[in-house]
Amino acid sequence: MSGHIFIDGPAETGPAITPLKPGTKPGEIAAAGQWTLIWRRFARNKVAVASGVVILLFYLIGAFAEFLAPALPDAARPQFTNAPPQKIRFFAADPDGGSRFLPHVTGYSMQVDQASLRRSYVVDEAKVVPIGFFVKGPAYRLWGLIPMDRHLIGPVRPGDTLYLLGTDKLGRDLLSRLIYGTRVSMSIGLIGVCISLLLGVTLGSLSGFYGGAVDMVIQRIIEVISAMPTIPLWLGLAAAIPLTWSPLQVYFVITLIVSLFGWTGLAREVRGRFYALRGEDFVTAARLDGSGERRLIFRHILPSLTSHILAVVTLAVPTMIVAETALSFLGIGLKPPVVSWGVLLQEAQNVRTIAGAPWLLVWPAGAVVLAVLAFNFLGDGLRDAADPYDS
(Lines give C-alpha, C1' and ligand atoms only; values in the text may rest on other atoms or scores of the structure.)
Protein backbone atom coordinates (compact mmCIF):
# COMPACT_ATOMS: atom_id res chain seq x y z
CA MET A 1 0.00 0.00 0.00
CA SER A 2 1.42 3.32 -1.01
CA GLY A 3 1.60 6.13 1.50
CA HIS A 4 1.92 8.96 -1.02
CA ILE A 5 -1.36 9.12 -3.01
CA PHE A 6 -3.01 12.48 -2.40
CA ILE A 7 -4.39 13.44 -5.83
CA ASP A 8 -8.15 13.53 -6.09
CA GLY A 9 -10.49 14.88 -8.75
CA PRO A 10 -12.09 14.07 -12.12
CA ALA A 11 -9.75 13.35 -14.99
CA GLU A 12 -11.44 15.75 -17.44
CA THR A 13 -10.85 18.77 -15.20
CA GLY A 14 -7.39 17.80 -14.08
CA PRO A 15 -6.21 16.53 -10.72
CA ALA A 16 -7.05 18.50 -7.61
CA ILE A 17 -4.89 18.57 -4.53
CA THR A 18 -6.63 17.38 -1.36
CA PRO A 19 -6.89 20.37 1.01
CA LEU A 20 -4.65 20.22 4.06
CA LYS A 21 -5.98 20.38 7.59
CA PRO A 22 -5.16 23.50 9.60
CA GLY A 23 -1.71 23.25 11.16
CA THR A 24 -0.60 20.36 8.92
CA LYS A 25 2.66 20.78 7.05
CA PRO A 26 2.86 19.53 3.45
CA GLY A 27 6.18 17.85 4.18
CA GLU A 28 4.55 15.74 6.85
CA ILE A 29 1.91 14.51 4.39
CA ALA A 30 4.52 13.59 1.81
CA ALA A 31 6.51 11.63 4.40
CA ALA A 32 3.51 9.79 5.83
CA GLY A 33 4.15 6.08 5.85
CA GLN A 34 1.86 3.10 5.81
CA TRP A 35 1.27 2.92 9.57
CA THR A 36 0.60 6.66 9.78
CA LEU A 37 -2.04 6.42 7.11
CA ILE A 38 -3.60 3.35 8.76
CA TRP A 39 -3.80 5.19 12.07
CA ARG A 40 -5.43 8.24 10.48
CA ARG A 41 -8.03 6.10 8.75
CA PHE A 42 -8.63 4.13 11.94
CA ALA A 43 -9.02 7.28 14.05
CA ARG A 44 -11.90 8.43 11.82
CA ASN A 45 -13.88 5.30 12.76
CA LYS A 46 -15.38 6.39 16.08
CA VAL A 47 -16.99 3.01 16.78
CA ALA A 48 -13.66 1.20 16.35
CA VAL A 49 -11.86 3.72 18.57
CA ALA A 50 -14.52 3.37 21.28
CA SER A 51 -14.24 -0.42 21.02
CA GLY A 52 -10.48 -0.16 21.45
CA VAL A 53 -11.01 1.88 24.62
CA VAL A 54 -13.43 -0.75 25.95
CA ILE A 55 -10.93 -3.55 25.28
CA LEU A 56 -8.17 -1.56 26.96
CA LEU A 57 -10.40 -1.09 30.01
CA PHE A 58 -11.08 -4.83 30.12
CA TYR A 59 -7.36 -5.61 30.19
CA LEU A 60 -6.70 -2.93 32.80
CA ILE A 61 -9.44 -4.46 34.96
CA GLY A 62 -7.83 -7.86 34.56
CA ALA A 63 -4.36 -6.53 35.34
CA PHE A 64 -5.46 -4.81 38.58
CA ALA A 65 -8.20 -7.24 39.58
CA GLU A 66 -7.05 -7.56 43.21
CA PHE A 67 -7.09 -3.79 43.72
CA LEU A 68 -10.38 -3.16 41.89
CA ALA A 69 -12.37 -5.99 43.48
CA PRO A 70 -14.14 -5.01 46.73
CA ALA A 71 -13.63 -8.49 48.20
CA LEU A 72 -11.75 -11.70 47.61
CA PRO A 73 -13.39 -13.97 45.00
CA ASP A 74 -13.78 -16.95 47.35
CA ALA A 75 -14.88 -15.02 50.45
CA ALA A 76 -18.29 -16.55 51.27
CA ARG A 77 -21.00 -15.32 53.64
CA PRO A 78 -23.74 -18.01 53.70
CA GLN A 79 -26.18 -15.66 55.45
CA PHE A 80 -26.36 -13.62 52.22
CA THR A 81 -26.86 -16.33 49.58
CA ASN A 82 -28.34 -15.06 46.29
CA ALA A 83 -28.64 -11.56 47.72
CA PRO A 84 -29.87 -8.97 45.16
CA PRO A 85 -27.69 -6.07 43.97
CA GLN A 86 -27.46 -3.00 46.19
CA LYS A 87 -27.97 0.40 44.59
CA ILE A 88 -25.51 3.20 45.25
CA ARG A 89 -27.06 6.33 46.71
CA PHE A 90 -25.25 9.65 47.03
CA PHE A 91 -27.29 11.52 49.63
CA ALA A 92 -28.28 10.43 53.13
CA ALA A 93 -30.77 11.98 55.54
CA ASP A 94 -29.47 14.11 58.40
CA PRO A 95 -30.91 13.92 61.91
CA ASP A 96 -32.11 17.52 61.55
CA GLY A 97 -34.28 16.61 58.56
CA GLY A 98 -31.91 17.71 55.78
CA SER A 99 -29.63 15.67 53.54
CA ARG A 100 -25.89 15.42 53.11
CA PHE A 101 -23.60 14.01 50.46
CA LEU A 102 -22.69 10.47 51.49
CA PRO A 103 -22.14 7.69 48.95
CA HIS A 104 -23.73 4.61 50.48
CA VAL A 105 -25.89 1.56 49.97
CA THR A 106 -28.77 0.39 52.12
CA GLY A 107 -28.52 -2.86 54.03
CA TYR A 108 -30.67 -5.95 53.78
CA SER A 109 -33.46 -7.12 56.00
CA MET A 110 -33.86 -10.86 55.49
CA GLN A 111 -37.18 -12.68 55.77
CA VAL A 112 -37.90 -16.41 55.63
CA ASP A 113 -41.12 -17.81 54.17
CA GLN A 114 -42.29 -20.39 56.69
CA ALA A 115 -44.18 -22.37 54.04
CA SER A 116 -41.39 -22.75 51.47
CA LEU A 117 -38.45 -21.92 53.79
CA ARG A 118 -37.07 -19.62 51.10
CA ARG A 119 -35.16 -16.46 51.93
CA SER A 120 -36.18 -13.07 50.67
CA TYR A 121 -34.35 -9.79 51.06
CA VAL A 122 -36.01 -6.46 51.74
CA VAL A 123 -34.23 -3.11 51.58
CA ASP A 124 -33.82 -1.71 55.09
CA GLU A 125 -33.59 2.08 54.85
CA ALA A 126 -32.38 2.27 58.45
CA LYS A 127 -29.18 0.38 57.60
CA VAL A 128 -26.79 2.81 55.91
CA VAL A 129 -23.52 1.34 54.62
CA PRO A 130 -21.08 4.16 53.75
CA ILE A 131 -18.86 3.57 50.71
CA GLY A 132 -15.31 4.84 50.46
CA PHE A 133 -12.46 4.85 47.99
CA PHE A 134 -9.04 3.34 48.67
CA VAL A 135 -10.46 1.68 51.77
CA LYS A 136 -8.73 -0.94 53.85
CA GLY A 137 -10.06 -4.44 53.24
CA PRO A 138 -9.02 -8.08 52.92
CA ALA A 139 -5.29 -8.52 52.38
CA TYR A 140 -4.01 -9.74 49.01
CA ARG A 141 -0.90 -9.82 46.84
CA LEU A 142 -1.02 -7.67 43.73
CA TRP A 143 0.13 -9.84 40.79
CA GLY A 144 1.09 -12.40 43.43
CA LEU A 145 4.07 -10.27 44.49
CA ILE A 146 3.14 -7.03 46.30
CA PRO A 147 1.29 -7.42 49.64
CA MET A 148 -1.54 -4.89 49.89
CA ASP A 149 -4.82 -4.38 51.71
CA ARG A 150 -6.23 -1.34 49.90
CA HIS A 151 -9.19 -1.64 47.55
CA LEU A 152 -10.49 0.95 45.10
CA ILE A 153 -14.00 0.80 46.52
CA GLY A 154 -15.48 -0.88 49.54
CA PRO A 155 -17.46 -0.39 52.75
CA VAL A 156 -15.94 2.09 55.18
CA ARG A 157 -16.81 -0.09 58.15
CA PRO A 158 -15.31 -3.62 58.02
CA GLY A 159 -17.94 -6.32 58.02
CA ASP A 160 -20.64 -4.30 56.26
CA THR A 161 -22.32 -5.69 53.15
CA LEU A 162 -21.46 -4.21 49.76
CA TYR A 163 -22.82 -6.31 46.90
CA LEU A 164 -23.21 -3.99 43.93
CA LEU A 165 -23.98 -6.90 41.57
CA GLY A 166 -25.46 -9.27 44.15
CA THR A 167 -24.11 -12.58 45.45
CA ASP A 168 -24.12 -16.20 44.31
CA LYS A 169 -25.45 -19.35 45.97
CA LEU A 170 -22.58 -19.35 48.48
CA GLY A 171 -22.84 -15.67 49.38
CA ARG A 172 -19.77 -14.59 47.38
CA ASP A 173 -19.60 -11.10 45.90
CA LEU A 174 -20.43 -11.39 42.20
CA LEU A 175 -18.70 -8.11 41.27
CA SER A 176 -15.40 -9.33 42.71
CA ARG A 177 -15.72 -12.70 40.98
CA LEU A 178 -16.59 -11.00 37.69
CA ILE A 179 -13.49 -8.80 37.94
CA TYR A 180 -11.25 -11.77 38.68
CA GLY A 181 -12.90 -13.70 35.85
CA THR A 182 -12.04 -10.88 33.44
CA ARG A 183 -8.35 -11.59 33.94
CA VAL A 184 -8.67 -15.28 33.08
CA SER A 185 -11.09 -15.00 30.16
CA MET A 186 -9.34 -12.07 28.47
CA SER A 187 -5.85 -13.53 28.95
CA ILE A 188 -6.89 -16.88 27.50
CA GLY A 189 -7.99 -15.07 24.36
CA LEU A 190 -4.73 -13.12 24.14
CA ILE A 191 -2.41 -16.06 24.85
CA GLY A 192 -4.39 -18.35 22.58
CA VAL A 193 -4.20 -15.89 19.69
CA CYS A 194 -0.43 -15.50 20.17
CA ILE A 195 0.02 -19.27 19.84
CA SER A 196 -2.33 -19.40 16.85
CA LEU A 197 -0.51 -16.46 15.28
CA LEU A 198 2.83 -18.23 15.56
CA LEU A 199 1.50 -21.47 14.06
CA GLY A 200 -0.67 -19.85 11.40
CA VAL A 201 1.88 -17.37 10.10
CA THR A 202 4.77 -19.87 10.12
CA LEU A 203 2.99 -22.75 8.44
CA GLY A 204 1.00 -20.49 6.09
CA SER A 205 4.17 -18.72 4.96
CA LEU A 206 6.00 -21.97 4.27
CA SER A 207 3.00 -23.41 2.44
CA GLY A 208 2.49 -20.40 0.18
CA PHE A 209 6.16 -19.65 -0.48
CA TYR A 210 7.45 -23.11 -1.32
CA GLY A 211 4.34 -24.77 -2.69
CA GLY A 212 4.69 -28.30 -4.04
CA ALA A 213 5.09 -31.08 -1.50
CA VAL A 214 5.41 -28.66 1.44
CA ASP A 215 2.11 -27.01 0.50
CA MET A 216 0.39 -30.35 0.07
CA VAL A 217 1.48 -31.69 3.48
CA ILE A 218 0.53 -28.52 5.37
CA GLN A 219 -2.85 -28.24 3.62
CA ARG A 220 -3.68 -31.87 4.37
CA ILE A 221 -2.85 -31.25 8.06
CA ILE A 222 -5.16 -28.22 8.06
CA GLU A 223 -7.95 -30.23 6.44
CA VAL A 224 -7.63 -33.03 8.99
CA ILE A 225 -7.78 -30.59 11.91
CA SER A 226 -10.71 -28.69 10.37
CA ALA A 227 -12.64 -31.95 9.85
CA MET A 228 -12.40 -32.98 13.50
CA PRO A 229 -15.63 -32.51 15.52
CA THR A 230 -14.62 -30.00 18.16
CA ILE A 231 -17.06 -30.80 20.98
CA PRO A 232 -16.35 -34.59 21.16
CA LEU A 233 -12.63 -33.88 20.81
CA TRP A 234 -12.74 -31.32 23.62
CA LEU A 235 -14.64 -33.81 25.76
CA GLY A 236 -11.96 -36.42 25.21
CA LEU A 237 -9.09 -34.03 25.86
CA ALA A 238 -10.76 -32.66 28.99
CA ALA A 239 -11.29 -36.18 30.30
CA ALA A 240 -7.59 -36.88 29.77
CA ILE A 241 -6.53 -34.04 32.08
CA PRO A 242 -5.47 -35.57 35.42
CA LEU A 243 -7.56 -34.55 38.40
CA THR A 244 -4.40 -33.98 40.42
CA TRP A 245 -3.29 -31.07 38.23
CA SER A 246 -3.36 -27.61 39.73
CA PRO A 247 -5.76 -24.96 38.38
CA LEU A 248 -2.80 -23.17 36.78
CA GLN A 249 -1.80 -26.29 34.83
CA VAL A 250 -5.39 -26.82 33.69
CA TYR A 251 -5.52 -23.17 32.62
CA PHE A 252 -2.54 -23.53 30.30
CA VAL A 253 -3.77 -26.85 28.91
CA ILE A 254 -7.17 -25.34 28.06
CA THR A 255 -5.39 -22.40 26.42
CA LEU A 256 -3.29 -24.79 24.34
CA ILE A 257 -6.34 -26.83 23.32
CA VAL A 258 -8.22 -23.74 22.18
CA SER A 259 -5.16 -22.48 20.28
CA LEU A 260 -4.54 -25.73 18.40
CA PHE A 261 -7.89 -25.33 16.63
CA GLY A 262 -7.67 -21.59 15.95
CA TRP A 263 -4.68 -21.33 13.62
CA THR A 264 -6.00 -23.08 10.51
CA GLY A 265 -7.99 -20.14 9.15
CA LEU A 266 -5.08 -17.71 9.51
CA ALA A 267 -2.69 -20.21 7.91
CA ARG A 268 -4.91 -20.50 4.84
CA GLU A 269 -5.20 -16.74 4.47
CA VAL A 270 -1.44 -16.23 4.82
CA ARG A 271 -0.82 -19.07 2.38
CA GLY A 272 -3.08 -17.45 -0.20
CA ARG A 273 -1.37 -14.06 0.17
CA PHE A 274 2.10 -15.61 -0.13
CA TYR A 275 1.04 -17.62 -3.16
CA ALA A 276 -0.17 -14.43 -4.86
CA LEU A 277 2.81 -12.24 -3.89
CA ARG A 278 5.71 -14.61 -4.54
CA GLY A 279 5.55 -13.84 -8.26
CA GLU A 280 5.35 -10.05 -7.89
CA ASP A 281 8.01 -7.76 -9.32
CA PHE A 282 9.42 -6.69 -5.95
CA VAL A 283 10.03 -10.33 -5.00
CA THR A 284 11.73 -11.00 -8.33
CA ALA A 285 13.89 -7.90 -7.87
CA ALA A 286 14.86 -9.07 -4.38
CA ARG A 287 15.85 -12.47 -5.76
CA LEU A 288 18.01 -10.87 -8.45
CA ASP A 289 19.60 -8.70 -5.77
CA GLY A 290 20.80 -11.83 -3.99
CA SER A 291 18.24 -12.10 -1.19
CA GLY A 292 17.93 -15.55 0.32
CA GLU A 293 14.69 -17.37 1.02
CA ARG A 294 14.61 -16.35 4.68
CA ARG A 295 15.10 -12.68 3.77
CA LEU A 296 12.43 -12.89 1.07
CA ILE A 297 9.91 -14.27 3.56
CA PHE A 298 10.61 -12.10 6.61
CA ARG A 299 11.87 -8.85 5.04
CA HIS A 300 9.86 -8.52 1.84
CA ILE A 301 6.66 -10.58 1.71
CA LEU A 302 5.59 -10.92 5.36
CA PRO A 303 5.81 -7.17 6.21
CA SER A 304 3.35 -6.43 3.41
CA LEU A 305 0.82 -8.65 5.23
CA THR A 306 1.29 -7.10 8.67
CA SER A 307 -1.80 -4.92 8.60
CA HIS A 308 -3.97 -7.77 7.32
CA ILE A 309 -2.62 -10.19 9.93
CA LEU A 310 -3.26 -7.60 12.66
CA ALA A 311 -6.91 -7.31 11.62
CA VAL A 312 -7.35 -11.10 11.43
CA VAL A 313 -5.79 -11.60 14.85
CA THR A 314 -8.05 -8.96 16.39
CA LEU A 315 -11.08 -10.79 15.01
CA ALA A 316 -9.72 -14.12 16.30
CA VAL A 317 -9.52 -13.04 19.96
CA PRO A 318 -13.32 -13.09 20.53
CA THR A 319 -13.45 -16.59 19.03
CA MET A 320 -10.99 -17.73 21.70
CA ILE A 321 -13.00 -16.03 24.45
CA VAL A 322 -16.24 -17.65 23.30
CA ALA A 323 -14.52 -21.05 23.02
CA GLU A 324 -13.23 -20.86 26.60
CA THR A 325 -16.62 -19.68 27.83
CA ALA A 326 -18.40 -22.51 26.04
CA LEU A 327 -15.97 -25.13 27.34
CA SER A 328 -16.28 -23.92 30.92
CA PHE A 329 -20.06 -23.62 30.62
CA LEU A 330 -20.28 -27.23 29.47
CA GLY A 331 -18.10 -28.32 32.39
CA ILE A 332 -15.14 -29.48 30.28
CA GLY A 333 -13.03 -26.34 30.56
CA LEU A 334 -11.85 -24.42 33.57
CA LYS A 335 -13.35 -25.43 36.89
CA PRO A 336 -13.51 -23.93 40.39
CA PRO A 337 -11.57 -22.59 42.21
CA VAL A 338 -10.49 -20.87 38.95
CA VAL A 339 -12.82 -17.97 38.20
CA SER A 340 -13.69 -17.11 34.61
CA TRP A 341 -16.77 -15.87 32.80
CA GLY A 342 -17.52 -19.41 31.64
CA VAL A 343 -17.19 -20.77 35.18
CA LEU A 344 -19.59 -18.11 36.45
CA LEU A 345 -22.13 -19.06 33.80
CA GLN A 346 -21.68 -22.74 34.56
CA GLU A 347 -22.36 -22.15 38.24
CA ALA A 348 -25.57 -20.28 37.38
CA GLN A 349 -27.15 -22.93 35.13
CA ASN A 350 -30.20 -23.92 37.13
CA VAL A 351 -33.88 -23.15 36.89
CA ARG A 352 -34.05 -21.20 40.15
CA THR A 353 -31.39 -18.76 38.93
CA ILE A 354 -33.66 -17.29 36.25
CA ALA A 355 -36.53 -16.73 38.64
CA GLY A 356 -34.75 -15.94 41.88
CA ALA A 357 -31.29 -14.60 40.98
CA PRO A 358 -31.15 -13.52 37.31
CA TRP A 359 -28.09 -11.35 37.94
CA LEU A 360 -25.97 -14.51 38.12
CA LEU A 361 -26.56 -14.96 34.38
CA VAL A 362 -26.96 -11.36 33.22
CA TRP A 363 -23.61 -9.94 34.33
CA PRO A 364 -21.23 -12.71 33.10
CA ALA A 365 -23.16 -13.07 29.84
CA GLY A 366 -23.15 -9.28 29.40
CA ALA A 367 -19.37 -9.17 29.88
CA VAL A 368 -18.86 -11.86 27.21
CA VAL A 369 -21.17 -10.10 24.74
CA LEU A 370 -19.54 -6.70 25.34
CA ALA A 371 -16.01 -8.06 24.91
CA VAL A 372 -16.88 -9.99 21.74
CA LEU A 373 -18.67 -7.02 20.16
CA ALA A 374 -15.79 -4.69 21.05
CA PHE A 375 -13.23 -7.00 19.45
CA ASN A 376 -15.38 -7.43 16.34
CA PHE A 377 -15.85 -3.67 15.90
CA LEU A 378 -12.14 -3.09 16.50
CA GLY A 379 -11.20 -5.78 13.99
CA ASP A 380 -13.55 -4.32 11.38
CA GLY A 381 -12.05 -0.88 11.93
CA LEU A 382 -8.49 -2.18 11.57
CA ARG A 383 -9.40 -4.14 8.46
CA ASP A 384 -11.00 -1.10 6.82
CA ALA A 385 -8.08 1.14 7.79
CA ALA A 386 -5.56 -1.33 6.39
CA ASP A 387 -7.39 -1.85 3.10
CA PRO A 388 -5.63 0.27 0.47
CA TYR A 389 -8.46 -0.16 -2.02
CA ASP A 390 -11.21 1.18 0.25
CA SER A 391 -12.08 4.80 -0.28
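Start by selecting M186: leaving aside residues up to four places away in sequence, M186 touches F58, Y59, I321, W341, A371 and F375 (contact means heavy atoms within 4.5 Å). A word on what you have open: this is a predicted model, where local features need pLDDT of at least 70 and side-chain atom pairs count only at pLDDT 80 or more, while totals for chains, interfaces and linings use all residues. Residues are numbered from 1 along each chain as its sequence is written, and side-chain values use heavy atoms, with hydrogens and water left out.

Next, add I254, F274, I309, L334 and W341. Together with M186, these have the most contacts inside the largest nonpolar core, which has 78 residues. Such a core is a set of buried Ala, Val, Leu, Ile, Met, Phe, Trp, Tyr and Cys residues joined through side-chain atoms within 4.5 Å; buried means under 20% relative accessible area, exposed over 50%, and partly exposed in between (1.4 Å probe, protein chains only). Now colour helix 15 (residues 359-386), which gives the most to this core, with 12 residues. Helices (H or I, at least four residues) and strands (E, at least two) are DSSP runs, numbered from the N terminus.

Then show L266, E269, V270 and R273 in helix 9, which meet H308, I309 and V312 in helix 12.

Finally, move to F134 in strand 5 (residues 119-142). F134 is not a glycine, yet has a positive phi of about 55°, and its 51% relative accessibility makes it exposed. Select W143 too, in the loop between strand 5 and strand 6 (146-155): another non-glycine with a positive phi, about 60°, W143 is partly exposed at 44% relative accessibility.
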